[in-house]
Amino acid sequence: SYRNDKWREKSTADLMSRHVSNEMGYGVPKEGWRICLAHEFKEKRKPFQAKDVSLANVWEHIGLGVRYLKWWYKKTQVEKKAPFIDMFRAQPLRQIYGAPLGGIGGGTITRGWRGEFCRWQLNPGMYHYKTVTANQFTVCIRRGGQTVYQQVLSVERPPTLQGWNWGYCGEYAFYHALYPRAWTVYHLPGQNVTLTCRQISPVIPHNYKDSCLPVAVFVWDIENKNDYDLEVSIMFTMVNGSGHKDDKSGGHWNEPFHLEKEGEAVSGVLLHHCTTVNPYTLCIAARKQSGREVSHQTAFSPKGTCSSLWSDLITDGRLDSPTGFSPPTPKGEKVAAALAVTCSVPPQNRNTLEFCLAWDMPKITFGSREREHMRRYTRYFGSKGDSSPSLSHYALTHYSQWEKSIEEWQRPILQDSSLPSWYKSALFNELYFVADGGTVWTELPEDVDISGGVRSEEGGLPAQPAIIKEYGRFAYLEGQEYRMYNTYDVHFYASFALIMLWPKLALSLQYDIAGSVVQQDPTERLHLMSGEYSPVKAKNVVPHDIGDPDDEPWQRVNAYLIHDTAHWKDLNLKFVLQVYRDFHLTQDSQYLRDMWPICQAVMESEMKFDLDGDGLIENSGYADQTYDGWTVTGPSAYCGGLWLASLCVMCKMARLVDNEKTYQHYRNILDKGSAAFDQLLWNGKYYNYDSSGKDHSNSIMSDQCAGHWFLRASGLGEGEYQAFPKEKIQSALRSVFDLNVMRFAGGQMGAVNGMCPEGVPDRSSVQSDEVWIGVVYGLAATMIHEGMWEEGMRTAEGCYRTVWESLGMAFQTPEAYCEKGIYRSLAYMRPLSVWAMQLALNMSQKDPITSAQNGDTDMKDGQEVGENLS
Ligand SMILES: CC(C)CCC[C@@H](C)[C@H]1CC[C@H]2[C@@H]3CC=C4C[C@@H](O[C@@H]5O[C@H](CO)[C@@H](O)[C@H](O)[C@H]5O)CC[C@]4(C)[C@H]3CC[C@]12C
């Protein structure tokens with residue numbers, strides 16, 4: 001058993017070791033990620049930089065380095081744009097982030113685990129990392145008509161706003177995240193009062209309405225452990241802006257509002273942020289209920305000591321509540337607003353206050369400013385920019401239902417005692433990226449034809465597929481620092497979260513990718529790795545990504561220009577594999593019918609990579625797949641495995657569409673290719689990295705069973721639809737576990753991408769000695785599919801603990817880390833593959849098609865089909 005290691009127990013306790021209170025708050029769940037507000041992470045890592053490239057690898061990258069530098073200079077200094085990857089300005093590590101606020105695709109505001117508002121994505125896909133000091137919650141406690149205590153609920157002691165009482169003692173508080181909710185428990189020892197702030201965002205599986213709303217609710221539970229009555233106010237302060245220089249551009253203004261509807265009333269302040277590009281309104285609101293008094297301050301200047309706001313509250317626990325709007329800000333000045341809610345809390349009793357933060361940026365433009373896009377929530381709340389009052393009213397009157405749905409969805413997993421605690425945290429908390437991946441969820445514009453004019457009869461697609469029309473367009477970034485939407489080789493891993501929880505969005509994304517397969521962009525451009533010019537997008541191949549948010553995504557795809565990905569070996573195969581997996585899980589036959597010609601087209605393109613006609617594709621001697629810094633030559637375990645798995649699902653799909661000829665075509669190639677794969681790559685224990693025969697071609701690649709993983713996730717991999725012998729897959733997984741996991745970093749950091757058979761990490765490339773968290777979760781899923789439950793859990797646990805407990809990278813899980821010192825690309829898409837583990841667990845317990853919840857797919861609206869679709 002790998003279960004009894006001491007390091008596991010220790011690292012969890014570490015995050016809470018400074019906590020001194022026995023008060024554990026109200027309604028805080030047991031499972032999740034918990035940290036004391038006084039915690040400090042000891043290990044401080046640095047982002048990967050050019051200087052971290054080993055001497056042996058420098059030579060290989062000099063050309064790229066020089067070309068990138070030239071391109072970077074033109075982009076940043078001449079075009080004044082942000083590069084899609086800024087290698088010279090990687091984000092430094094800030095070990096501060098907590099669960100983001102907001103639903104999916106309407107923008108996000110991240111709060112840190114100490115409560116700060118610190119990461120902003122209001123402009124679609126563009127992140128702004130800035131803590132806005134004045135954005136706070138403050139508590140005021142009154143007894144017998146006297147204020148006895150007033151404290152900003154922040155451990156900070158900033159140099160500004162000196163008139164406020166800062167420096168709350170972090171030892172008495174802890175943060176607990178179980179996305180999409182998070183709790184902060186503040187004990188106020190001198191007052192004998194405990195405050196629990198619960199933060200709720202509407203991120204609800206299989207819900208396509210409320211999940212798109214740009215809102216979050218804060219519920220404050222106040223426990224009075226005294227024998228006397230208290231009056232407690234919570235004040236919410238918010239600056240009009242996001243800490244950006246635009247906050248001082250002038251013309252912003254605030255106004256109080258009150259909205260009564262269907263017997264429920266909310267009041268608050270609207271903060272109109274009047275920029276020329278993507279203007280928006282922030283809204284702080286509270287529910288009006290008997291026994292709760294709402295008061296406000298429409299405008300205050302969040303600079304200097306700011307003592308007048310402090311005195312206003314301290315005087316009577318209420319704010320002055322002026323009527324009318326504030327004058328527009330002069331250039332150079334900022335404005336903020338405050339909202340307080342007051343209630344009495346009887347002795348030995350509890351009371352509750354509810355706040356909402358909403359933001360309304362209905363129409364968005366990306367960097368090119370060529371087109372206006374409507375966010376999805378405009379379908380329910382309009383696009384005039386005046387929806388904040390109704391958004392906050394809706395949030396405050398519906399959050400209880402959201403919580404009920406969230407609890408119902410999470411409960412079976414949280415209550416499953418066979419699952420380890422860390423896994424429950426990983427599964428739900430990694431989901432933050434679905435909303436906080438620079439995500440946009442928009443309406444499909446009437447004039448867009450995704451088929452690019454290729455008609456359905458000619459193997460094309462519907463111009464406006466019903467699923468995109470109804471459920472909208474969805475895009476999320478490869479990473480907050482790798483700014484490309486829907487990077488497809490990476491989405492392959494992450495897609496499990498979408499297909500299991502929001503299957504309609506997964507299919508919508510697939511239609512968009514399919515649409516771009518049939519289109520081309522012949523514009524020649526320089527690709528930085530090879531130094532050669534070639535077209536931006538070739539026909540009948542899957543694009544790398546659907547574009548850069550600083551340009552015009554969907555319209556101009558392939559923002560990635562490091563390689564010409566038309567010749568990548570994995571992209572087409574990943575499309576085919578996802579199509580069948582999605583069909584298997586949704587049983588949507590229309591989807592399969594629409595995708596079938598596209599699958600045939602991309603397989604036809606892929607066929608040309610089998611140069612010697614042995615039924616197996618060859619890699620081309622450069623990094624022509626998702627490991628874009630790891631050269632691969634000739635038939636390889638990774639791409640060869642994906643190829644065989646794709647042939648296998650093509651056979652399956654051919655049978656489903658009743659095309660025996662096509663079935664036979666792919667069957668013949670599969671039979672030949674399997675023999676070649678076995679002969680060229682199997683070494684008796686595992687599949688070699690590649691068949692070049694060069695140094696390191698016998699590396700053990702952690703991802704060598706990726707093809708088989710997808711077959712398993714699709715209910716295949718046995719009998720007629722088996723591409724790899726079972727005992728070989730098990731032997732390969734065993735080798736990976738013994739070497740890549742257990743012989744790396746004491747078995748405590750997951751699986752290194754490449755390991756030499758002697759047990760030293762493969763340092764032949766810049767990516768072979770990295771650990772890719774998303775790959776590790778996929779590997780763990782494969783192990784679970786193969787009955788290696790303990791090994792799978794142990795493998796994944798190493799990554800979770802490294803990221804969330806040792807490195808302080810909560811809510812910013814990177815693409816990669818090395819054993820020591822460095823990480824690469826914070827807040828990355830791939831780790832969403834942790835949901836593949838859940839699929840594997842579901843499948844090992846029951847038939848995933850018949851059970852529709854707990855991350856199982858939604859079968860409610862899929863069309864049931866038999867074996868044959870024709
Ligand atoms: C001459 C100098 C001393 C040496 C300079 C070397 C550097 C220019 C290169 C060394 C390492 C390179 C980077 C490695 C990884 C990268 C990631 C890539 O984008 C995405 O990566 C995913 C894999 O993590 C992949 O699956 C996705 O499809 C990609 O979109 C972009 C390039 C790069 C940053 C690469 C660039 C050059 C080096 C820094």
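This tour moves through a predicted model, beginning at the ligand and ending at a buried strand with its two pairing partners.

Select the ligand first, together with the 28 residues around it, and then highlight Glu-478, Asp-489, His-544, Thr-626 and Glu-815, which come nearest. With that shell displayed, colour it by residue class, and you should find 16 nonpolar, six polar and six charged residues.

Next, show the side chains that place a polar atom beside an oxygen atom of the ligand. For Asp-489 the separation is 2.7 Å, for Arg-830 it is 3.1 Å, and for Asp-628 it is 3.2 Å. If you then switch on a surface, keep in mind that the ligand on its own has 780 Å² of accessible area, of which the protein covers 89%.

Now turn to the secondary structure that contributes to this shell, selecting α2 (55-78) and α9 (488-501), the elements that give two or more residues to it. Of the elements, α2 gives the most, with five residues.

Leave the ligand for the last stop and select strand β18, residues 336-345, where nine of the 10 residues are buried. Add strand β13, residues 230-239, which runs antiparallel to β18 and is joined to it by 10 bridges; within this pairing, Met-238 has Ala-337 of β18 as its bridge partner. Then add strand β17, residues 292-300, which also pairs with β18 in the antiparallel sense, over seven bridges, and label His-296, whose bridge partner in β18 is Leu-339. While following the side chains here, it may help to recall that in a regular strand they alternate between the two faces of the sheet.

Notes. Residues numbered from 1 in each chain as written. Predicted model: local features only at pLDDT ≥ 70, side-chain atom pairs only at ≥ 80, totals over all residues. Heavy atoms only, no water. Near = heavy atom within 4 Å. Polar contact = N/O pair within 3.5 Å; in protein donor to acceptor, adjacent residues only side chain to side chain. Areas by Shrake-Rupley, 256 points an atom, 1.4 Å probe, with all protein chains shown as cover. Helix = DSSP H or I, 4+ residues; strand = E, 2+ residues; numbered from the N terminus. Nonpolar A, V, L, I, M, F, W, Y, C, P; charged D, E, K, R; others polar. Buried < 20%, exposed > 50% of the residue type's maximum accessible area, 1.4 Å probe, protein only. Pairing = 2+ DSSP bridges.
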